[in-house]
Amino acid sequence: MINIASFLSVLVLAHVLAGPPREIFFQGVAARSENSRRYHLSARWASASADLVLLGNSLLDEGVDENLLAELTGRRTLKLTHGGAASAWWYLVFKNIIATAPQKPRTVVLFFRDINLTNATRHTTGPWRAILEDMANPREPDLDRLVYLGQRSPLIRSLVRHSSLYQQRERAHAWLDRGIKRRLIAPLLRLPPNGPARAIERVFADERMDGDLLTLRQIAAANERSARAFRFAPRCRESFLPLIIDLAAREKIELICVRMKRRRDLDPGAESTRLKTYVADLRAFLESRGVPLIDFTPRTEIGPEYYGVGDHFNRETGRPHFTHLLAAALPYSPSH
Amino acid sequence: MIFTCFDYLPFMAAVFTLYWLLRRKMLQNALLLVASYVFYGYIHPWFCFLIAASTTIDYLCALGMGRHRTRRRVLLIISVAANLGMLGFFKYFNFFADNIAALAGTIGFPLDAVTVRIILPVGISFYTFQSLSYTIDVYRGKLAPRRNFIDVALFVAFFPQLVAGPIERAVRFLPQIETPRRWDSRRFAAAWPLLVRGYLKKLVIADTMAIYADKVYMLAQPEALLLVAGTVAFALQIYADFSAYTDIARGTARLLGFELTENFRSPYLAVSPSDFWRRWHISFSSWIRDYLYIPLGGSRASSRLAQVTILLVSLGLSGLWHGAAWNFIAWGIYHALLVIFYRALGRAGHWRPNHWAERIGAWFVMSSLTLIGWMIFRAPSLSWLISSLRSGAGLGFSGDSLIASLVMLTGALVYSLPLLLFMFLDRAVPRRRVLHALTYALAIVAMLLFAQDRGFDFIYFQF
């Protein structure tokens, strides 16, 4: 009996120490400093009073020259990007910056690659949480629903809702990670606090990794994950895409989706059957909601000479070339 | 189905409730058999036909051995050939086809390798060995052939240990199936610590170490220190992962009134290769010893050369059992060479240094040798390992790799603390003390806080 009591008391005590369970899992920053990304984007947005907004990540940032595009389309153009940003960030920017502005743009163009439009959880945890919180309002129920409760088993959902201890997981991981890197290894080797993290980034940089070295087990796990990820209809229901479309419709903003061509797609046979099916379903869904999809993947005018690092276009030739292609592809542009 | 997927929870709850509601042993066994097939065929239902075929063949062969004493050897050959044939086809066909084609090419007879798209049925290596133990023991006269098909089928397919062991022996497990089982709350008390321990090892330790190890072993050319750090992480991962499966399997079996074999006994405390194999994957190493090594002649073989050959064959095949790749075979042969080397030094069998300093020295040497073994085992290919070790970068290290290695080693040390705590508890604190209850409560707290979001399959599923 005493064993059971001790066992339960530790569990209860741990939960008590963690505080009552939070009802809101995702909480935006209430007051923003001048270092805040949202502050900067809002300021840029206010000064630009743009008519054409481009929303995306580093592929867009590297790939499109906004001044050239403005010149080509005759429209005031503004890029809103963050390196590595994914659908949660795009949704927050759309909802909290673009849709709340007194003067709204006529068009928002959303740049994505592969299945990122329906991957709600991509880049939402770890360091990304702070980036999203910076862009969020104090309450973001859609993020709670899609990122922290969606796509999880009933057991995990129940833990997320009711266990204050479970809600501390990200903090616990960060605490341990900081403890090892910043408080132990950095002073031991007399490095700056972020030295170990930077060293790890360099050691395991993408270009040093070899995808062919995956074990059969890793390949099988990745295949299983991707099989789920490529099923458009269920993933779309659990994504920010319908919310973004609804928001655009409500605010009477024309929404256009642009699928970027990856370096891999230079080989016309590289696109998997699963991805082709997914893109066909995506196109059908977008058409049914009146959203045009511009797919640059099959475009042969984009050759290897236009690429820089990874899937990014180089600034010298790739960026202007793609900007011209984009201007020509956008509806209502003078070149149309 | 796997122990860490959500579906397992309602599945187990339903099986557990129904099982104890049924009072009769026959009905309990029938329920467990159905549950085992559901568990096994959950993702690929056709896997069930395979295990059913294997079971039927062994059941009939064993019955035949009982009825026709003169045909025992033929029936044993049929059983062994059928089981190993299925294992060989599903697991090794492409490996041998590729290697024969490559060999023919090198000696001037180019051949196109015939490869077949085969999905490896999970756990085939485990249940094949388990099923074989039944027919071999019947052949040897250690066990009477069973007439009850459900009992034999349940012995082969018992779901807690079906896909990753422990590999049970018919002599030990069939009597448990045949004995009536009654609910006993002490069994539950003995089961939950194993379950908590197993889930902690898997979700927190193994899945975190997997991230470290996978990163290093995906580098095109890791530096030596990184390779060491990645291998330490892998050593921790494979032990935590595999022993977690065993703990969960044993805990689940206890909930159902069965007792499964212990599979690990602090393997990283081994002081010699023989000692290691008495502690690591015990149910498998003892199977190899009893059904392969000793029948081939074992240590009683006439010449030293024969002894060495038998050891190389036995451990080489043990390596091959783990997977159709040369690095697994090399890992097995490496361990055979270690045993041979220690024997040559007079450190065979149950050798253990008397003095504590010597014991620490022997442990350190054996641990280093074990790590080298894991390096061979985990390497994506032998050529990758050789080129990594050969390259200039492979022998040195940069500032960045030193920092990354230290971070990984510290992480491995932190994550190994629960294992050390469990070892201390097992050895120093009598059971049912409050300290046990407190530790398991803390284990649940640690699981809630530190379990990885992205779960990995158990490593031994692939074998």
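Is L132(A) buried or exposed? In this predicted model, L132(A) turns out to be buried, since its relative accessible area is 0% and the cut-off for calling a residue buried is under 20%. Helix α6 of chain A, covering residues 127-135, is where L132(A) sits. Pick A270(A) as a partner and the two residues are 138 places apart along the chain, with 33 Å between their C-alpha atoms.

Zooming out to chain A as a whole, the fold is built with 15 helices and five strands. The chain runs to 336 residues, and 49% of them are buried. Its accessible surface adds up to about 16400 Å², and carbon and sulfur atoms account for 56% of that. As for how the chain folds back on itself, take the contacts between residues at least 6 apart in sequence: 78% of these join residues that are at least 24 apart.

One loop residue in chain A has a backbone angle worth a look. K252(A) is not a glycine, yet its phi is positive, at about 60 degrees. For context, most residues other than glycine have a negative phi. K252(A) belongs to the loop that runs between α13 (241-250) and β4 (254-259) of chain A. With a relative accessibility of 73%, K252(A) counts as exposed, because the bar for that label is over 50%.

Chain B has a positive phi to show as well. H281(B), again a residue other than glycine, has a phi near 45 degrees. H281(B) is placed in the loop between α10 and α11 of chain B. Here the residue is buried, with a relative accessible area of 0%.

What about the cysteines? Across all chains, the structure holds zero disulfides. C257(A) shows why: the closest cysteine sulfur to its own belongs to C236(A) and is 11 Å away, too far for a bond, given that a disulfide needs the two sulfur atoms within 2.5 Å. C257(A) is also buried, at 0% relative accessible area. Over in chain B, C48(B) is likewise in no disulfide, and its nearest cysteine sulfur, the one in C5(B), lies 15 Å off. C48(B) counts as buried too, with 14% relative accessibility.

Next comes the second largest pocket, which offers about 650 Å³ of space. Its lining is made up of 25 residues, and those closest to the centre are S274(B), W277(B), R278(B), R289(B) and Y293(B). Four helices of chain B each give two or more residues to this lining: α10 (273-279), α11 (282-296), α12 (304-322) and α13 (326-344). Which element gives the most to the lining? That is α11(B), with eight residues. By character, the lining splits into 10 nonpolar, 10 polar and five charged residues.

Still in chain B, R250(B) and E262(B) can be read together. R250(B) lies in helix α9, which spans residues 224-255, while E262(B) is found in the loop between α9 and α10. R250(B) is buried, with a relative accessible area of 13%. E262(B), by contrast, comes out at 36% relative accessibility and so counts as partly exposed, because its value falls between the 20% and 50% cut-offs. Leaving out residues up to four places away in sequence, R250(B) touches L194(B), E259(B), L260(B), T261(B) and E262(B). Seen from the other side, and with neighbours within four places again set aside, E262(B) is in contact with R250(B) and I282(B). As a further yardstick for this loop residue, E262(B) and L154(B) are 108 residues apart in sequence, with a C-alpha to C-alpha distance of 20 Å.

Finally, T439(B) gives a view of another helix of chain B, α18, which covers residues 434-450. T439(B) has a relative accessibility of 7% and therefore counts as buried. Not counting residues up to four places away in sequence, the partners that T439(B) touches are L421(B), F422(B) and L425(B).

How values were computed
Residues are numbered from 1 along each chain as its sequence is written. Chains are lettered from A and ligands numbered from 1 in the order in which they are written. This is a predicted model: local features need pLDDT of at least 70, side-chain atom pairs count only at pLDDT 80 or more; totals for chains, interfaces and linings use all residues. Side-chain values use heavy atoms; hydrogens and water are left out. Buried means under 20% relative accessible area, exposed over 50%, partly exposed in between (1.4 Å probe, protein chains only). Contact means heavy atoms within 4.5 Å. Accessible areas come from the Shrake-Rupley method with a 1.4 Å probe; for residues, only the protein chains shown count as cover. On a 1 Å grid over the protein atoms alone, a cavity is a set of points where a 1.4 Å probe fits but cannot get out, and a pocket is an open set with protein on both sides within 12 Å along at least five of seven lines; lining residues have an atom within 4 Å of a point. Grid points are joined across faces, edges and corners, and a volume is the space filled by probe spheres set on the points. Ala, Val, Leu, Ile, Met, Phe, Trp, Tyr, Cys and Pro count as nonpolar, Asp, Glu, Lys and Arg as charged, and the others, Gly among them, as polar.
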